Structures are given as structure tokens and as C-alpha cells.
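Thanks for coming, everyone. Let me put the model on the screen and walk you through a few places in it.

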Amino acid sequence: MFYREAGDFKTSYRDDNQTFPIRLDRAGYWVAIAVAFGIVPFFVNDYWVNAIFAPFFIYAIAALGLNILTGYAGQVSLGTGGFMAVGAYAVYKLMVAFPEINIIFHVLMAGGITAVVGVLFGLPSLRIKGFYLAVATLASQFFLIWLFNKVPWFYNYSASGQINAPERSVFGIIVTGPNTEAWAKYLICLVFLVGVAWMARNLTRGMTGRKWMGIRDMDIAAEIIGVNPLMAKMTAFAVSSFFVGVAGALFFAVYLGAAEAGESFGISKSFLILFMIIIGGLGSIFGSFAGAAFMVLMPVFLKNVLVGGMGWPTDLAAHFEFMIVGGLIVFFLIVEPHGLAQLWRLTKEKLRLWPFPH
Amino acid sequence: MSEQLLFAAEVTLNGLMAGVLYALVALGFVLIFKASGIFNYAQGVMALFAALTLVGIQQGQVPFSHLINAIFGTNIHHFPWQVPSIIAIILAAGVMVGFAWLVERYILKHLVGQPDIILFMATIGLAYFMEGFGDIMWGSEIKTLDVGLPSGLNETIDTVTYNWFGYGFFIDNLDIVAAVIAALLVAALTIFSQYSKQGRALRAVADDHSAALSVGISLRFIWVLVWSIAGFVALVAGIMWGAKSGVQFSLSLIALKALPVLMLGGFTSIPGAIIGGLIIGVGEQLFEFAIGPLIGGATQNWFAYVLALVFLIFRPQGLFGEKIIERV
């Protein structure tokens, strides 16, 4: 009844091209932003931030990154964990080397460094396609993790081989290190998430995004109509790795505080983020959010129900979680290959007609 | 011959033996890929699951005992019997056939005609499911697998080489058995696919799905068949790896190594899987031996992948793969 464009007249091209053409969508978006920035920070405590909000925001950034590469440009990557590790170690080296520079710039620079590494490992994608590329990206995953474990320069020769985030602040508010307030963690992740999502949205609906999608749908055909495959694939790798690097940097500096390459950024992380975009929906910004939220909330939920509610041992619950994740992925691929985003789209289509059937 | 050279030769031989095991896992991938065009990521977890099932049956474990104990508060673990190895192997093979049927019935049937990448991701989901399922069914602790295969240093080779070169080669009996079994398995598969009716049907499906359908070959039966064979190959690989390093989660990670093997050999070629396995096995051992100490060691973690990556840049279809022809 409310969710329709009837009566919402567009009088300029600008109006016609806006991100949310339907009034209710637009309002919902602004309300969500206002609640996230204006209300939630006053109520969050450590548990909510550490268990739900911080991982959700950070994984959403990584999922956006992978979705650009896999969902929009069609290049399957199993090296996300490795690229997150690049972001984490880059931000660590920068934080230690230039303590006087604001951490925001460090995170962005870490993203930039990851983008360069991503382009390097993306170069073979010009020759290698499909499964072959998916397996080839495993090379980056294993090689990068090995590199960070074996070369002491990366972890500043610390005895444990771990990296620890020193205390840094933005405008006098501590955002990294053990003394960070919950709301500060929440806000810095949220700021990055909103920025990244805004970038992703506008990149994907413009010319760059259309080129990516052309390459995804059929690269030879795209090349014939004038898309430069080198540029399209390399920009996809660069932008995607930038996002993933930012996610890795935040994951280490803000969320974990201390990290070890193999443990925090192993192959399971790559799969986790791949699952997020499959369940959420390939080639959809909303899907990246939905998938990240789903994969963060489900373990928390299962743990509360199985361990807290039914008194199962934790390891059994963990195995059960594996089964459910695997089963859900197969289920989604069979029933709705386009993920939660497609369900949302269908709901919206239905809503536009409701309550009148025609 | 100098000491170094002899040592390198020993490393090469051991690499060959490790390569045989990679090739065994890779073989399962190739079979399924040829018959159904599905890149079955779950092959490694199938090996793990098969080995877990084998150990479980052999030692008379109660399936799902942890789950049952957690729900009903009972405390059961084992049946009061032990099953002889050979019967346990047959039963485990039966379980893998049943598994193949379930996969066809509940997953593949519904995904016919989807893009390859969707099928690939479905098998990743399947791998996760089986990992959790196997752990819930049989427990997640490390198990020792003993089906009576010989293991330990092979005395004969040690003595003979000592007499020849003045340096005894250390080669594990288990590796030799694995090599022999792998050779037998490949021979059996070749004979099966060349001379039996089902084998010919299988090759027909691999060649052209729709043409095979039109002459009356049941695609679904072939899929169940090929997944069963892959399950059996996984069981053999699981026994070998399990006897070598215990049945545990890392088994499925070793199976990841089969992926570069495949890329090197080509996804569609059985000889490619064998030769790719040998190249990777020898390559990573020699690289670790020659260059590893200079750059910090543990290069086996990534060498196979990087080798395959570099190789693919020059030959995107692998050594023996069919030439990739793209039509617009």
C-alpha cells in the first residue's frame, strides 16, 4: 500500500537515476543510518559489539569486496583470507612505523597496499578462467600466510610471532588497543562500512560496474563490444582487494587487537566470506550485508540454543554448526541460487501490489 | 656418487611415493569431472569420511553416540564387538555407495543445468556438511587406522642400496603398498571403462551428455555409479593417508593438494592426474630440500599451488587436458 512509486513523480534525470527510486526505500535507508549512528552507540555494551556488531560490520566490508570480484566480475576467489592478512599486516607495520599519522589513513593505505597485491595475484586471471582460477587463488592464500609466518620483518621480530595493535586514537577517542570503549569500536567500523558500501553501490551501477558484469556474463562477447578485459579484471581485483584489505585491517586493529596469520586469516576465513556472498546473493550489495549478518548471527544463535538452551557440549554444537552451514548452502543453491537478496527482491515485488491483487 | 646426490635421490623417491597418494585423491576428482562436469570439492572430505566410517565400523563404535548421549543423557560408546578389516572395508564401501545415491537424489538431481560454478559451490557446501556430519557420527578425536598394511622401513631396499652406494635409502613399506594399490586401481578402472557395458556408458556420458541420453543411457544411474566409484577411490585414499598419519581433520586439507595436481595434469585426464601427482610430489620435496632451508622452510604449504599457477599461465588447460575452446 505504501511501497510503490505511484504518486512519486520524478521531474529530473537526477531523480530518475537515484539509488532508491521508491520513497519508502529512501526513508528506510535514512532511518537505518540515523538509528545506526544516533541511537545504537548509546546502548551497545562490550558483548553486543564484540559478538555481533564489530564482526558483522567487518565481514560485511569483506563480503562487499568479494562480491565485487565474484558476484559482479565473475572471478571466483578463494584467497580472501590471504588478502585480509595483507591488510592486517600492512596496517600493523604502518601503525608502528608512523605513530603520528591518523589511523584512518593507515587503514586506507593498508587497503591500497592490499589492492596492489591483489592486482599482482589477479594477473593470471587473464589467462586462467573458472575453476582453474579458483584453485589458482588458493596459491595466494597459502603463499601469503606462509610469508607472514616465516619472514620476521612482518611481525617486527616479536617472540610469539603475533602482531599486537598499539593504542591509537581518532580525534582524541581511543579506537584500537585494549582500552577501547565499545561504542568507539562500533562507530569506527560503521563509518568504514558506510563509506565502503556507498563506494561499492556507486561503482557497480556506473560504467565500471557494467563492464564487470559484461566480463562476468561472457568475457569474449564483452571484449568484442569494446570492454577492455585487462582493465575490467584488474580494476575488479584492485577494488575488491582494497575492500578486503580494509576489512582485514579493521579485523586486526579494531576487533581482534592481536593476530597470528595462520589462525586468524586461514583458508576457513576465505570460505566463510565466500559463503556469506552465496547465501546473501551474488552480485548484490544488499546480499553482502544479509549474508554477513546471517553468518555472524547464526553461530551466536546456535550456541545460545544448543549449548545454553539444551546443554549440549560445545564441540558437538560446533560440528552441528558445520552441518547446518553446509546444508543451508546446498539448500540455497537448489531453492534460490540468488540468495537472500533475491528473496528480498521478491518480497518487494509482492509488496508493490499488496493489498490489491492487480 | 656424492652424499648430497644420493640424498636428493632418496628425497625424489619419497616425493614420488607422496605423489602417488596425491594422485589417488586427484583420481576421484577426475572421474566425477569427466562424467558429470562437476568439480567435486568434497572429494577430500569424502576420503576423510570414508576413513572415519571404516575405523568406526572396525572398532564397533556406536554412530552418533555423542549426540545420543547429549540428548538422552546416556553413556554409550562402543558395541561389544570388533569387525574384521576386510568386512569393515566392504561395509564402508557400501556406505559410500549409499552416500553417492543420496547425493544424486537430493542434490545433483535438483541442480541439473545450473552453471558449473553453482555446482562447484554446492560441493563446497556438501564438504562442510559432511565434515560436521562425520564428526557428529564418529567423534572428532584423532583415530588410528590399522587394516593390517605393512609399514615402517623397508629392510630390503635399505640393505640393497647400502651395498650398492654405501648409503641406505629410507623408504616406507606403506608407500610401496600405496603405489602398488594405486597402480592396480588405475588398471582396474581402465579395464572397467574400456570393456564393461557400464564403463562404455560412462565414457559415452563423459563425451556428450545429450547424445548419451538419446541412445538410452540413464544419466542418473551413471551419476550414482561414478559417485560410488569416486567414493570407493576416496576410501582407498582415506585408508592410505589414514594409515600414514592417523584419521583426522587435516586429511581433508591434504586433499586440497589434489587441486594443484589436477590443474597441472588437466581436469579431464586420468593419466594427467597420476603424472601431475608425481610431479607435485617430487617437486615439493625437492624444492623443500634444495631451496627450503634458504627461505625458512615449510614451503610444502604453498609450492604446489604456485607451481600450478605458474604452469597454467603458459598452458591454461594443464598437461593433458582437453583444449579449452570458447564459443560466443
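Start at Gly130(A). Is Gly130(A) buried, exposed or partly exposed? Its relative accessibility is 39%, so Gly130(A) counts as partly exposed. That value falls between the 20% and 50% cut-offs. Keep in mind that this is a predicted model. Gly130(A) sits in helix H6 of chain A, which covers residues 130-150. Now look across to Gly74(A). Gly74(A) and Gly130(A) are 56 residues apart along the chain. Their C-alpha atoms are separated by 8.5 Å.

Next, a residue in the other chain. Thr53(B) belongs to helix H2 of chain B, residues 43-58. What is the relative accessibility of Thr53(B)? The value is 2%, so Thr53(B) counts as buried. Which residues does Thr53(B) contact, once neighbours within four places in sequence are left aside? Val95(B) and Trp138(B).

Now the salt bridges. In general, side chains of opposite charge can pair when their charged atoms come close. How many salt bridges does the structure hold over all chains? Five. I'll show three of the five.

The pair to begin with is Asp25(A) and Lys348(A). They form a salt bridge, and their closest N and O atoms are 3.9 Å apart. The cut-off is 4 Å, so the pair counts. Asp25(A) is in helix H2 of chain A, residues 23-39. Lys348(A) is in helix H15 of chain A, residues 339-353. The salt bridge therefore ties together parts that are 323 residues apart in sequence. Asp25(A) has 17% relative accessibility, so it counts as buried. The limit for buried is under 20%.

Next pair: Lys233(A) and Asp219(A). This is a salt bridge too, with the closest N and O atoms 3.9 Å apart. Lys233(A) comes from helix H10 of chain A, residues 229-256. Asp219(A) comes from helix H9 of chain A, residues 219-224. The two residues are 14 apart in sequence. Are the partners buried or exposed? Lys233(A) is buried, at a relative accessible area of 3%. Asp219(A) is buried as well, at 13%.

The next pair is in chain B. Lys257(B) forms a salt bridge with Glu284(B). Here the closest N and O atoms are 3.6 Å apart. Lys257(B) lies in a loop of chain B, between helix H11 (250-256) and helix H12 (258-265). Glu284(B) lies in helix H13 of chain B, residues 270-290. That is a link between residues 27 apart. Lys257(B) has 12% relative accessibility and counts as buried. Glu284(B) has 2%, and counts as buried too.

Let's move to the interface of the two chains. 56 residues of chain B are in contact with 43 residues of chain A. What area do chain B and chain A bury between them? About 4,400 Å², and carbon and sulfur atoms give 82% of it. How many salt bridges cross this interface? The rule finds zero. For polar contacts, it finds two residue pairs, with both residues at pLDDT 80 or more.

Which helices of chain B each supply at least two residues of the side touching chain A? They are helix H3 (65-72), helix H4 (85-111), helix H5 (116-138), H11, H12 and helix H15 (300-314). The largest share comes from H5(B), with 16 residues. By class, that side of chain B has 38 nonpolar, twelve polar and six charged residues.

Last stop: the domains of chain A. The domain assignment gives domain 1 (1-43) and domain 2 (44-269). Taken over C-alpha atoms, the centres of domain 1 and domain 2 of chain A are separated by 29 Å. Ten residues of domain 1 are in contact with eleven residues of domain 2. Between them, the two domains bury about 840 Å², with 64% of it on carbon and sulfur atoms. Which three residues supply 53% of the area that domain 1 buries against domain 2? Thr19(A), Phe37(A) and Pro41(A), more than any other three residues.

What crosses this domain interface? The rule finds zero salt bridges. It does find three residue pairs in polar contact, both residues at pLDDT 80 or more. The side of domain 1 that touches domain 2 has seven nonpolar, three polar and no charged residues.

That's my tour. Over to you for questions.

Notes. Residues are numbered from 1 along each chain as its sequence is written. Chains are lettered from A and ligands numbered from 1 in the order in which they are written. This is a predicted model: local features need pLDDT of at least 70, side-chain atom pairs count only at pLDDT 80 or more; totals for chains, interfaces and linings use all residues. Side-chain values use heavy atoms; hydrogens and water are left out. Domain bounds come from an automatic or database domain assignment. Contact means heavy atoms within 4.5 Å. Buried area is the accessible area (1.4 Å probe) that two parts lose on being put together, summed over both. A salt bridge is a side-chain nitrogen of Lys or Arg within 4 Å of a carboxyl oxygen of Asp or Glu. A polar contact is a pair of N or O atoms within 3.5 Å; within protein, one must be able to donate a hydrogen and the other to accept it, and residues adjacent in sequence count only if both atoms are side-chain atoms. Ala, Val, Leu, Ile, Met, Phe, Trp, Tyr, Cys and Pro count as nonpolar, Asp, Glu, Lys and Arg as charged, and the others, Gly among them, as polar. Helices (H or I, at least four residues) and strands (E, at least two) are DSSP runs, numbered from the N terminus. Buried means under 20% relative accessible area, exposed over 50%, partly exposed in between (1.4 Å probe, protein chains only).
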